[in-house]
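Biologist: Could you take a close look at one part for me, the nonpolar patch on the surface, and then walk me outward from there into the rest of the chain?

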Amino acid sequence: MLQNLRLRLGMIGATMLLALREIRRHLLRSFLTTLGIIIGVAAVITMVTLGQGLTADVQEQVSGLGSDVFIVFPQQADPNVAPPPFDEADIRAVENQIAGIENTAGSVSTNVTAFHNGQDWSTSLEGADGEFFAAQSIDVIEGREFNAEEEARGESVCIVGPKVVEEIFVADRVIGEDMRVGNVSCQVVGVIDERSNSVGGGDANDVIFMPLKTVQRRFIGNADNVQFFVVKYDPAYASSVIQQQLIDLLRERRVIQDGEDNDFNIVDTAEINDTVNTVTGTMTAVVTMIAAISLLVGGIGIMNIMLVSVTERTREIGIRLAIGALAREVRLQFLMEAVVLCCFGGLIGILLALGLSIVLAGVADLPFIFDPAVNILSFVFSAIMGIIFGYYPAHRASKLDPIDALRHE
């Protein structure tokens with residue numbers, strides 16, 4: 001058995017050398033033959049990689065709104081009619097009367113001009129408290145958050161975003177510095193970590209936070225109303241059930257009669273995430289299928305060239321068969337040539353896809369995510385294409401009659 005195994009391995013090795021020698025004899029034709037495989041593999045891997053990068057980028061932006069969070073804001077069907085705002089009593093009712101709610105927090109925002117060290121910068125001001133920071137997954141990486149006394153008394157302290165630090169602060173002098181926000185002076189007590197998104201859109205890092213009561217009283221002019229509030233819920237509870245209970249409670253508190261439309265809207269970040277995953281996944285699959293067609297075309301090109309090669313080398317095949325080569329050895333030789341061509345095409349396609357993915361991800365400002373499974377699968381698939389489309393020409397070569405083949409000119 002060991003002897004037979006050695007003979008088989010020796011035959012495969014000799015066949016591989018013959019295949020490589022034949023490919024080297026016609027380098028240009030071999031390259032053009034594999035071009036379809038190269039383009040197909042490169043297109044498939046590039047599309048999948050960019051699709052994964054797009055999905056990760058959108059997921060990161062959605063995660064900036066907080067995970068397992070409802071965002072509730074007033075919204076009227078008629079854009080000319082202002083919906084009634086929410087107040088602190090609405091927020092406390094939601095927190096106390098619906099099971100599965102971890103915390104709720106209201107917020108207000110406005111545009112302001114910030115001044116420090118002779119520099120000014122137009123930015124966004126948001127009123128927030130500790131529960132808002134927790135619900136929105138906002139991390140303070142320098143300094144601290146507002147304490148309970150500052151929130152209750154509405155003191156003039158602020159936490160700034162990285163963009164504000166970049167524009168009007170010296171990098172090593174932020175915490176403890178005094179700045180002016182509009183006409184209000186405040187002391188910087190913290191700097192938030194970089195974020196990918198915010199409730200109102202725009203640059204989530206270009207923001208200043210002050211205690212909610214401070215912004216309500218000194219910038220909005222109303223110490224009770226909020227522009228929106230966030231509800232963080234326990235993921236162990238069904239979000240659809242909590243959402244329906246939230247709708248029922250708010251309709252009751254806002255005295256909305258049966259048949260009337262809601263004058264508020266609820267955004268579920270988990271639902272957004274699922275929708276994004278579905279849409280980007282479908283788009284990636286469709287584009288990948290279209291790109292895979294070029295692999296099929298490349299396989300047909302391989303078969304066509306191999307049939308031409310069989311015709312060109314009929315006399316060579318006849319000589320091999322006449323001096324004792326077995327039909328299976330001839331079949332293996334031509335099959336090996338097709339597989340080697342496809343494998344070379346797959347390798348070049350993977351390298352081309354790697355370069356294209358890095359360049360296009362940089363141009364589109366998407367993260368580059370290298371997926372070994374996709375690359376390995378594409379290479380294996382290209383080898384399978386060589387077997388499928390190379391088998392018929394190889395079988396045809398092995399069935400040639402030696403006498404007829406020797407007569408061929």
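Modeller: Sure, let's start right at the patch. Leu28, Phe31, Leu32, Leu35 and Ile39 together make a nonpolar surface patch of about 480 Å². Keep in mind that this is a predicted model. Pick out Leu35 as your landmark: you'll find it in helix H2, which runs over residues 27–63. Leu35 counts as partly exposed because its relative accessibility is 33%, and that class lies between 20% and 50%.

Now zoom out for some context. The protein chain has 13 helices and twelve strands. Of its 409 residues, 43% are buried. The chain exposes about 20,900 Å², with carbon and sulfur atoms supplying 58% of that. As for how the fold is wired, take the contacts with a separation of 6 or more: 78% of them involve residues 24 or more positions apart.

From the patch, let's move on to the aromatic rings. The structure holds five aromatic pairs. One of them is Phe86 with Phe229: the ring centres are 5.0 Å apart and the planes stand at 90°, so this pair is edge-to-face. That pair links distant parts of the chain, as Phe86 is in strand S2 (residues 86–87) and Phe229 is in strand S11 (residues 228–233), 143 residues apart. Phe86 and Phe229 are both buried. Phe86 has a charged partner too: the charged end of Arg254 sits over the Phe86 ring, 4.3 Å from its centre. You'll see a similar arrangement at Phe115, where the charged end of Arg180 sits over the ring, 4.1 Å from the centre.

Next, look at Phe133 and Phe146. Their ring centres are 6.2 Å apart with the planes at 75°, so this pair is edge-to-face as well. Phe133 lies in helix H4 (residues 130–135), while Phe146 lies in the loop between strand S5 (140–143) and helix H5 (148–153), so the pair ties together parts that are 13 residues apart in sequence. Phe133 and Phe146 are both buried. Add Phe209 and you have a cluster, with ring pairs linking Phe133, Phe146 and Phe209.

Helix H4 also leads us to the charged side chains. There are nine salt bridges in total. Arg92 is a good one to click on, since it takes part in a salt bridge with Glu88 at 2.1 Å, N to O. Both of those residues lie in helix H3 (residues 88–97), four residues apart, or about one turn of the helix. Arg92 is partly exposed at 27% relative accessibility, and Glu88 is partly exposed too, at 29%. Arg92 also meets Glu131 in a salt bridge, this time at 3.8 Å, N to O. Glu131 is in helix H4 and Arg92 in helix H3, so that bridge ties together parts that are 39 residues apart in sequence. Glu131 is partly exposed, at 30% relative accessibility. Put together, Glu88, Arg92, Glu95 and Glu131 are linked in a network of salt bridges.

One last stop is helix H5. Arg153 forms a salt bridge with Glu149 there, with the closest N and O atoms 2.8 Å apart. Arg153 and Glu149 are four residues apart in the helix, so about one helical turn separates them. Arg153 is exposed, with a relative accessible area of 53%, whereas Glu149 is partly exposed at 47%.

Definitions and conventions:
Residues numbered from 1 in each chain as written. Predicted model: local features only at pLDDT ≥ 70, side-chain atom pairs only at ≥ 80, totals over all residues. Heavy atoms only, no water. Phe/Tyr/Trp six-rings, centres within 6.5 Å; stacked < 30°, edge-to-face > 60°. Helix = DSSP H or I, 4+ residues; strand = E, 2+ residues; numbered from the N terminus. Buried < 20%, exposed > 50% of the residue type's maximum accessible area, 1.4 Å probe, protein only. Lys NZ or Arg CZ within 6 Å of the ring centre and 35° of its normal. Patch = residues over 30% accessible without salt bridge, like charges linked within 9 Å, V, L, I, M, F, W, Y side chains within 5 Å. Areas by Shrake-Rupley, 256 points an atom, 1.4 Å probe, with all protein chains shown as cover. Salt bridge = Lys/Arg side-chain N within 4 Å of Asp/Glu carboxyl O. Contact = heavy atoms within 4.5 Å.
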